[in-house]
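Let's take a walk through this structure together. Have a look at the fold below, and then we'll go through it piece by piece.

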Amino acid sequence: MYYIKYLVFIISFFLLQSSNLLAEKIVYLNIEKIMKTSKAGKSIINKINQTNEENLKKFKKIEEDLKNDEQDLISKKNILSEEEFKKKFDLLKKKINDYKILRQNSIQDITTKRRNASSEFFKKINPILGKYAADNNISFILQKKNIIMGKTELDITDDVLKIIDKEVSKIKFE
């Protein structure tokens, strides 16, 4: 008799918990779409692309100069003394290593700037999401990439995107 009462209590407890969970409002959000289509997200992406293009042009010029220096050194190999050739070769090698370090530092700098700008973006949209959730009585906002299947009515991306565009227009990218 005791076990039956205990079993009924446990089953009713789980039924109450599951009904409370079903009463919660759960929606999802496509954060990648917001990053790519919002004004602030677009400004971050444009600045990253612009910086990348500038760096590519700069590095292409340096690479061409290094190749020209190498060709010049190879053409003068028979004319120069062995000692002079070795000095110029070592100098060229140092220039190539400096170029590699400069390029690696540039890549790390852009990565850090991208990460900081994205972090700043998410810091600014988190309060917006919190206010939206409170105003619309939402308990959970999930990322769309973590959803296998869901009703399209539960996607709040476009609504949140409009609010973000009104409140956040630009993010610093330094």
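Helices here are DSSP runs of at least four residues, numbered from the N terminus. By that count, Thr157 sits in helix 5, which covers residues 157–167. Keep in mind that you're looking at a predicted model.

Is Thr157 buried or exposed? With a relative accessible area of 1%, Thr157 is buried, because anything under 20% counts as buried. What does Thr157 touch, once residues up to four places away in sequence are set aside? The list is Tyr28, Leu29, Asn30, Lys33 and Ile34. Asn30 also shows up at the level of single atoms: its backbone nitrogen is 2.8 Å from a polar atom of the Thr157 side chain.

Two of those partners, Leu29 and Ile34, lead us on to the largest nonpolar core. This core has 23 residues, and Leu29, Ile34, Ile44, Phe121, Val160, Ile164 and Ile171 touch the most other members. Strand 1 (26–29), helix 2 (31–37), helix 3, helix 4 and helix 5 each give two or more residues to this core. Helix 4 gives the most, with eight. As for Phe121, its contacts beyond four places in sequence include Ile34, Ile44 and Ile171. Another core, of six residues, lies apart from the largest one, and Leu66, Leu73, Phe85 and Tyr99 are among its members.

Now for how two of the helices pack. Helix 3 (residues 39–75) and helix 4 (residues 82–135) meet at an angle of about 175°, with their axes 11 Å apart. That angle is over 145 degrees, so helix 3 is roughly antiparallel to helix 4. The residues of their contact split into 16 nonpolar, five polar and seven charged.

Note on methods:
Residues numbered from 1 in each chain as written. Predicted model: local features only at pLDDT ≥ 70, side-chain atom pairs only at ≥ 80, totals over all residues. Heavy atoms only, no water. Axes fitted to C-alpha atoms, helices over the stretch in contact; angles between N-to-C directions. Parallel < 35°, antiparallel > 145°, perpendicular 65-115°, else oblique. Nonpolar A, V, L, I, M, F, W, Y, C, P; charged D, E, K, R; others polar. Buried < 20%, exposed > 50% of the residue type's maximum accessible area, 1.4 Å probe, protein only. Polar contact = N/O pair within 3.5 Å; in protein donor to acceptor, adjacent residues only side chain to side chain. Contact = heavy atoms within 4.5 Å. Core = buried A, V, L, I, M, F, W, Y, C linked by side-chain atoms within 4.5 Å.
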